[in-house]
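Reader: I am new to this structure. Please pick one helix, take a close look at it, and then show me what surrounds it.

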Amino acid sequence: MNSTIEHWVNQWSVDEDSDIYRNINSQVNFFARELYHDYQPTQGQAVSFQDRLENWLLNADDDDDKKTLFKILPHLFYVGNKEFAALYKVAYNELIASWLIDTDNIDFNDLDDAKKQLDQGIRDCWICPITDSMQINAFFHINNIPNNRWNEWRPQWRRIEREGDNEPLWQSYESYITKHNIKKLVILEDFVGSGSQIAGTVEFIMKKNLDLDVLLLPLINCPDGVVRFNNLAENYDRLTYKSVMELPERCFVKETVAVDEPLEFVAFRQLAKKTYLLVSGGIPELDNGKPYSPFGFRKTGGLVVMFTNTPNNTLPMVHWSSNSWFPIFLRHSRN
């Protein structure tokens, strides 16, 4: 519990004769105990969540802006370590299994034979991450996936795409698939925002005309990614798209007002625009320069935080650090 925050909350509650701030504070204190403590990018800092929250609110000189920042907190969709474990299990035990049943036309009239076919289907799968964001080893451990000889190597397919012009290197991947008689490729990602970058990787795979059935399986997908991947799957007969969780529109503060959005989003949108130069450290809005825009990468406007990191599709005022802005959930960026 932070005495400064408690003071602000009590004062705001008196000024507006409302319990809204006390209710938010109770919720935040609960999440700080149960969830926020496992946020990896701040594990090496000797700063508690409550102190980070105080510093984040102190970014705003105006009391109304402090209140707006505070009201963002209950709208954040935080995916913790335990929640990810549940996503891994659903992805493997339900979505990959159902895809294999459909792809291999497994008939469950004979349960013993069906189980054998399903086990063989798993052995025929090469399960790989798309980027290094996906914690593929944890996925294997939690699901106790049999360690087939080819599954010991789990390359990132976005990296393979970037190396695609290197023909001898690509031939080594093709040889690997042929040598191990791999029939199916499952490509996993933990979070997808617009889907623009990953779509390029998927198209790269499909245009290689490999003799493979491919399952594109993000754990969490945003609305733009859902549309993009559904369209992509329609273009390739051997590509299937599934996701464990497709986030609703209420998880995003768009640049323009959306139908049926929460009333608070109007103030969130205004504050994101108002504070952008503070957040960015004076860097103007650029599509190719971080933090991209007041609404993040591709103006997604996400309110998503994962225990491993905060996506760059999330509002920068939540995660971006500069000489004039202190984030509540610091994003660990590659550069």
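Author: What follows starts with helix H4 and then moves outward to other parts of the chain.

This is a predicted model. First, the setting. The protein has 335 residues, and 53% of them count as buried. Its secondary structure comes to 14 helices and seven strands. Along the principal axes, the C-alpha atoms fill a box of roughly 70 × 45 × 40 Å. Among contacts with a separation of 6 or more, 70% join residues 24 or more positions apart.

Now H4 itself. This helix covers residues 63–72. H4 is mostly covered, with seven of its 10 residues buried. Which residues of H4 are buried? They are Asp-65, Lys-66, Lys-67, Thr-68, Leu-69, Phe-70 and Ile-72. What do these buried residues pack against? Their partners are H1, H2, H3, H12 and helix H14, the last of which spans 316–319.

Look next at the N-terminal end of H4. Asp-62 caps it. A side-chain oxygen of Asp-62 lies 2.7 Å from the backbone nitrogen of Asp-64.

H4 also takes part in salt bridges. Side chains of opposite charge can pair when their charged atoms come close. Take Lys-67. This residue forms a salt bridge with Glu-16, and the closest N and O atoms are 2.8 Å apart. The pair links distant parts of the chain: Lys-67 sits in H4, Glu-16 sits in helix H1 (residues 3–16), and 51 residues separate them. Are the two partners buried or exposed? Lys-67 has a relative accessible area of 8%, so it counts as buried. Glu-16 has 37%, so it counts as partly exposed. The pairing does not stand alone. Glu-16, Asp-64 and Lys-67 are linked in a network of salt bridges.

A further bridge ties H4 to another helix. Lys-274 forms a salt bridge with Asp-65, with the closest N and O atoms 2.7 Å apart. Here too the pair links distant parts of the chain: Lys-274 lies in helix H12 (residues 264–274), Asp-65 lies in H4, and they are 209 residues apart. Lys-274 is exposed, because its relative accessible area is 57% and the exposed class begins over 50%. Asp-65 counts as buried, because its relative accessibility is 14% and the buried class lies under 20%.

How many salt bridges does the protein have? The count comes to 14. One of them lies within a single helix. The side chains of Glu-161 and Arg-158 meet in a salt bridge, at 3.4 Å from N to O. Both residues lie in helix H8 (residues 157–162), three residues apart, about one turn of the helix. An α-helix has 3.6 residues a turn, so residues three or four places apart point the same way. Glu-161 is partly exposed, at 23% relative accessible area. Arg-158 counts as buried, at 16%.

Go back to the partners of H4. H2 and H3 are among the helices its buried residues pack against. Those two helices also help to line the second largest pocket. H2 (20–34) and H3 (49–57) are the elements that give two or more residues to its lining. About 190 Å³ of space lies in this pocket. Its lining has 14 residues, and those nearest the centre are Ala-32, His-37, Ser-48, Phe-49 and Gln-50. By class, the lining holds six nonpolar, six polar and two charged residues.

Next comes Ser-280. This residue is found in helix H13 (residues 276–280). Ser-280 is buried, with a relative accessible area of 3%. Its side chain reaches the backbone nitrogen of Gly-282 at 3.4 Å. Leaving aside neighbours within four places in sequence, Ser-280 is in contact with Pro-291, Trp-320 and Ser-322.

Last, a residue in a loop. Asp-211 lies between helix H10 (196–207) and strand E4 (213–221). Asp-211 is exposed, with a relative accessible area of 60%. Its side chain makes a polar contact with the side chain of Arg-238 at 2.7 Å. Beyond neighbours within four places in sequence, Asp-211 is in contact with Ile-182, Lys-183 and Arg-238. How far is Asp-211 from Glu-34? The two are 177 residues apart in sequence and 46 Å apart in space, C-alpha to C-alpha.

Terms used:
Residues are numbered from 1 along each chain as its sequence is written. This is a predicted model: local features need pLDDT of at least 70, side-chain atom pairs count only at pLDDT 80 or more; totals for chains, interfaces and linings use all residues. Side-chain values use heavy atoms; hydrogens and water are left out. On a 1 Å grid over the protein atoms alone, a cavity is a set of points where a 1.4 Å probe fits but cannot get out, and a pocket is an open set with protein on both sides within 12 Å along at least five of seven lines; lining residues have an atom within 4 Å of a point. Grid points are joined across faces, edges and corners, and a volume is the space filled by probe spheres set on the points. Helices (H or I, at least four residues) and strands (E, at least two) are DSSP runs, numbered from the N terminus. Ala, Val, Leu, Ile, Met, Phe, Trp, Tyr, Cys and Pro count as nonpolar, Asp, Glu, Lys and Arg as charged, and the others, Gly among them, as polar. Buried means under 20% relative accessible area, exposed over 50%, partly exposed in between (1.4 Å probe, protein chains only). A polar contact is a pair of N or O atoms within 3.5 Å; within protein, one must be able to donate a hydrogen and the other to accept it, and residues adjacent in sequence count only if both atoms are side-chain atoms. Contact means heavy atoms within 4.5 Å. A salt bridge is a side-chain nitrogen of Lys or Arg within 4 Å of a carboxyl oxygen of Asp or Glu.
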